[in-house]
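Here's a small protein report to read with the picture beside you. Take a moment to turn the model around before you start.

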Amino acid sequence: MKMVNIELFGNIEKAEFVESKELLKRAHEIRYIATDFEYSGYDIYEKISTGYLYATKL
C-alpha cells in the first residue's frame, strides 16, 4: 500500500494511491471527491461507507 500526500479542501491529508484500473473495479463503493490540481495532481475518491481516501490519476 502506497500512501501519498494530497491537498483536500485546504488541508494536507494522506490517501492510498491506487491505479485507475483497480479503482474503477471498486466503482460501486467509492465516490469522486475532488481533483488536487495544485499540490499533487491526483484525483481523490472516498470509500462511501468509511470515508477512507484514495488517490489516482485518470
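## What counts as a core

First, a bit of vocabulary: a nonpolar core is a set of buried Ala, Val, Leu, Ile, Met, Phe, Trp, Tyr and Cys residues joined through side-chain atoms within 4.5 Å. "Buried" here means under 20% relative accessible area. Keep in mind that you're looking at a predicted model.

## The overall build

So what is the protein made of? It has one helix and five strands, and if you walk along from the N terminus, the order is β-β-α-β-β-β. The radius of gyration is 10 Å, close to the 10 Å that the globule rule gives for 58 residues, so the protein is as compact as a globular protein of that length. Its C-alpha trace spans about 25 × 20 × 20 Å along the principal axes.

Of the 58 residues, 36% are buried. The chain also brings together parts that are well separated in sequence: take the contacts between residues at least 6 apart, and 42% of them join residues at least 24 apart.

## Inside: two cores

Which residues form the largest nonpolar core? There are 10 in all: Val-4, Ile-6, Leu-8, Ala-15, Phe-17, Ala-34, Tyr-42, Ile-44, Leu-53 and Ala-55. Strands S1 (2–8), S2 (11–17) and S5 (53–56) each give two or more residues to this core, and S1 gives the most, with three.

There's also a second, separate core of five residues, with Val-18, Leu-23, Tyr-45 and Tyr-54 among them.

Back in the largest core, have a look at Tyr-42. Leaving aside residues up to four places away in sequence, Tyr-42 touches Val-4, Ile-6, Phe-17, Ala-34, Thr-35, Asp-36, Ala-55, Thr-56 and Lys-57.

## Outside: surface and charges

Now for the surface. The accessible surface comes to about 4000 Å², and carbon and sulfur atoms account for 51% of that. As for charges, the protein carries 8 positive and 10 negative side chains, and the centres of these two sets lie 7 Å apart.

## A loop residue to find

Where does Glu-29 sit? Look in the loop between helix H1 (20–24) and strand S3 (30–35). With a relative accessible area of 27%, Glu-29 is partly exposed, because that value falls between the 20% limit for buried and the 50% limit for exposed.

Not counting residues up to four places away in sequence, Glu-29 touches Glu-46, Lys-47 and Ile-48. Glu-29 and Ile-48 are 19 residues apart along the chain, yet their C-alpha atoms are separated by 5.8 Å.

How values were computed:
Residues are numbered from 1 along each chain as its sequence is written. This is a predicted model: local features need pLDDT of at least 70, side-chain atom pairs count only at pLDDT 80 or more; totals for chains, interfaces and linings use all residues. Side-chain values use heavy atoms; hydrogens and water are left out. Helices (H or I, at least four residues) and strands (E, at least two) are DSSP runs, numbered from the N terminus. The radius of gyration is taken over C-alpha atoms; the globule rule is 2.2 Å times the number of residues to the power 0.38. Buried means under 20% relative accessible area, exposed over 50%, partly exposed in between (1.4 Å probe, protein chains only). Contact means heavy atoms within 4.5 Å. Accessible areas come from the Shrake-Rupley method with a 1.4 Å probe; for residues, only the protein chains shown count as cover. Lys and Arg count as positive and Asp and Glu as negative; His and the chain ends are not counted. The place of a charge is taken as NZ of Lys, CZ of Arg, CG of Asp or CD of Glu.
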